[in-house]
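Here are two short exercises to work through with the model open in your viewer. Try each one before you read the solution.

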Amino acid sequence: QIHLTKSGSDTGGTVAATADDEDLGSIVWQGVNSGPTIDSAAEIICEQDASSASNISGRLTFKVANAGAPAAAMTIKADGKVGIGTVTPSALLEVEQGASGGTVAFKIDNDDTDAVAMSIEAANIDADIISIDADALTTATIINVTADAMTSGSILYLDDDSSSTTARNCVSIIQNNNAALDATALFVQSDAGGTGMKIDKNYPA
């Protein structure tokens, strides 16, 4: 075990309260550059989040150097929130990329052909499961799915198996601005010469 203990007092043997946001200790990895001078490559820093008469809350910041001084890459807050690319995550996991990041912010690469790549188990009642805000989008696509090897599968499968008799729309497509005169709410294209759209109605007798 390694214990790093810090007191708010500079006097040896004196214990005094530490302040919020104070650095309580750090681990630093250093190497020697071609200068040659000693240079820091990575750091783990523990900072005090808050304190009371009986406990202290802390956060961890992981820093890495990329052709410069070590900068925050990941933060774990006292409430368990994890931030990648941000030191102030507002969700259990928040991945943030700056305007000049130049790479994919989040990627799942699954090579197991018979395992689900991503599974969401949600107990939501009156909150959205997935919410996408893309108000700055102009010419790109919000969701782009390609399935060039598909045979009998489906690109999109939606199943409402609720027995509730409440009136509802299983799928809603809304073009919500009456000034967009040339906008098409739903476009279906079939290049195979087969059925463009099929509705199979199975109402009870």
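**Exercise 1: the surroundings of Thr86**

Thr86 counts as buried because its relative accessibility is 9%, where buried means under 20% relative accessible area with a 1.4 Å probe and protein chains only. This is a predicted model, where local features need pLDDT of at least 70, side-chain atom pairs count only at pLDDT 80 or more, and totals for chains, interfaces and linings use all residues. Residues are numbered from 1 along each chain as its sequence is written, and side-chain values use heavy atoms, with hydrogens and water left out.

Task: find where Thr86 is found and which residues it touches, not counting residues up to four places away in sequence.

Solution, step by step:
- Start with the loop between strand 5 (82-84) and strand 6 (93-95), where Thr86 is found; strands are DSSP runs of E, at least two residues, numbered from the N terminus.
- Leaving out residues up to four places away, Thr86 touches Thr75, Glu94 and Glu96 (contact: heavy atoms within 4.5 Å).
- Now check the C-alpha atoms: Thr86 and Met74 are twelve residues apart along the chain, with 7.0 Å between them.

**Exercise 2: the sheet**

Task: work out the strand order of the open sheet, and why strand 1 and strand 6 each have one side without a neighbour.

Solution, step by step:
- The six strands run in the order 1-2-3-4-5-6, with mixed pairing (two strands pair if DSSP finds at least two bridges between them).
- Strand 1 and strand 6 stand at the edges with a single partner strand each, so one side of each lacks a neighbour in the sheet.
- For strand 1 (residues 23-32), nine bridges join it to the antiparallel strand 2 (residues 38-51).
- Val32 has Ile38 as its bridge partner in strand 2, and Val28 has Glu43.

Methods. Buried < 20%, exposed > 50% of the residue type's maximum accessible area, 1.4 Å probe, protein only.
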